[in-house]
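Thanks for making time this morning. I would like to talk us through the salt bridges of one protein, taking them slowly and one after another. Please have the picture open while I speak.

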Amino acid sequence: MNSSHARSAALLGDRLQAIGPARLKGMRRGIEKESLRAQPGGALALTPHPAALGSALTHPCITTDFSESQIELVTAAHKGLGDGADAALRELTQIHQFTYRAMQAVGDEMLWVSSMPCGLPTDETIPIARFGSSNVGRAKSVYRMGLSHRYGRRMQTISGIHYNWSLPEVTSEQYFSLIRNFRRHAFLLLYLFGASPAVCSTFVAGRQHELQQLSSSTMYMPHGTSLRMGRLGYQSDAQASLAVSYNSLEGYGASLQDALTRPYPAYEAVGIQNPGGDYNQLATTLLQIENEFYGTIRPKRVIFPGERPLHALRERGVEYIEVRLMDLDPFEPVGINAQTMRFLDVFLLHCLLSDSPPDTPQEIAELKHNQHHTAARGRQAGLLLKRGGREVSLTGWGAEVVAQCAPIAAALDAANGGTQYSATLRAAEAALLDPATLPSARVLAAMEKDHENSFVSFVRARSALTREALLGLPFSAGQQTAFGALSRQSVAEQKKIEAADTMPFEIYRQQYVSPERLGVSSRAAAVAL
């Protein structure tokens, strides 16, 4: 170990010791998981959000994402080390069980277990999520209509898992340090956990792409890890002009405010409303609202009713971070397992505790290159990434990061009891040496072995197995009653919001997107998106 590495290791050790077991045990994590509803044959379900699941506008743990056909399941934030991860998984499993029972009662649809979508109809046929007649419900749908005009609906049907994470007594400045290091080392997560190396041909029909043909209905990248996080996924020419810096909350906020208030000619051409009076989008600016900004990780704050997210961050600071690059794992019943969550815990602590120099435009460009390279070719032997103007091997850099995580895993094991965190690191070390064991490689191997290299056939089979496994788990009458009550309560809450609305929608829209509501002194008056 050279002297600079020794100094870094010593500093990390000191910072880890300063946190102490009590704060480590205060770690919290929650999961948001998106999944398309699919027909038995593997085509997108075009039916409405099942009524038994309640109101997508107000249900605390079952909603929809971009599409009416795209269910999003949300857990609470669970505190603790081993028990916290397990508790989050238990809750996510129970939400799945209730969701499947509601779906089973009205048909034979299933949740699609891959991040890349099932067989898609024409773009305009993909249904946009509906949230009722209230101003906030209409605004949610208009925002999604804006996304469809700006990026196309197919891109929005990509699904993933978001991992929400926090540690007690972490400042906004420290969270931004974590975010910078996360972005530097995000390639490792794409390599270890990417599970979308192939896609149904309908997804790329009529689009330019670098994919290769695997079979008559399937396109892929031979060494790909996560097409979802590559050039095919959440990318946009307009947002490519945003080189957002994460050096401070102030700088980040200024970058977002610029994008939220800067008119964008192509979107001005689309207009707010069409000639018939229907709404095309919420605004003609580069971003309609904060959530439109695509990133692998976001600083977050729980917002008050009607508050803009950027205002909340500026007023009260960062409360937690949202990891956004995790693919659904088709081999896991709920898309993620406890070992993966423990690796994320260790990885995020490493990002928090390591030195984190300011980012630069040059580094931001390198990070984009590394993300695209790893997504498209991560398992390619000897693949090189860019670091500080030099080329380094992906596996060598990854092994370096994993080795630096060892004392963190040991501290978590000591605080928690057991060896689960250290075992998670050993699994990562082994995967760096044997890419055939990675989820992305296992997907391609299973497609070849049992499904004649058909992506839809493979995911359809995995989705059916997953449905049967989750429906086969014990689910008490009490659990069913409790979830049913949540659904009924959410419907009542939606009706209450709709009955209370008095403001014309156009006034509501103008007030919501008003630049004055992005600063630190304004007070929100509308209902939040």
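Let me begin with a group of four residues, because Arg-298, Lys-300, Glu-322 and Arg-324 are joined to one another in a network of salt bridges. If you wonder what lies behind such links, side chains of opposite charge can pair when their charged atoms come close. What we are looking at is a predicted model, and a search through the whole of it turns up 21 salt bridges, of which I will go through a few.

How far apart in the chain are Asp-86 and Arg-342, whose side chains meet in a salt bridge? The distance from N to O in this pair is 3.5 Å, and yet the two residues are 256 residues apart, with Asp-86 in helix H2, residues 82–106, and Arg-342 in helix H11, residues 338–353. The two partners also differ in their surroundings, since Asp-86 is partly exposed at a relative accessible area of 27%, whereas Arg-342, at 7%, counts as buried.

The next pair is Asp-327 with Arg-228, whose side chains form a salt bridge at 3.1 Å, again from N to O. Asp-327 sits in the loop between strand S11 (320–326) and H11, while Arg-228 sits in the loop between strand S9 (218–220) and helix H7 (237–240), so this salt bridge ties together parts that are 99 residues apart in sequence. Are these two residues buried or exposed? Asp-327 is buried, with a relative accessible area of 3%, and Arg-228 counts as buried as well, at 4%.

My last pair stays within one helix: Arg-509 and Glu-506 both belong to helix H19, residues 505–512, where they are three residues apart, or about one turn of the helix. Their side chains meet in a salt bridge with an N to O distance of 2.7 Å. Here Arg-509 counts as buried at 10% relative accessibility, and Glu-506, at 24%, counts as partly exposed.

Finally, a word on confidence. Averaged over the protein, the pLDDT is 92, and 96% of the residues score at least 70. Over residues 522–529, however, the pLDDT is below 50, although in the model this stretch has 31 contacts beyond near neighbours in sequence. I would be careful with those contacts, because where pLDDT is low, the predicted coordinates should not be read in detail.

Technical notes
Residues numbered from 1 in each chain as written. Predicted model: local features only at pLDDT ≥ 70, side-chain atom pairs only at ≥ 80, totals over all residues. Heavy atoms only, no water. Helix = DSSP H or I, 4+ residues; strand = E, 2+ residues; numbered from the N terminus. Buried < 20%, exposed > 50% of the residue type's maximum accessible area, 1.4 Å probe, protein only. pLDDT = per-residue confidence, 0-100. Contact = heavy atoms within 4.5 Å.
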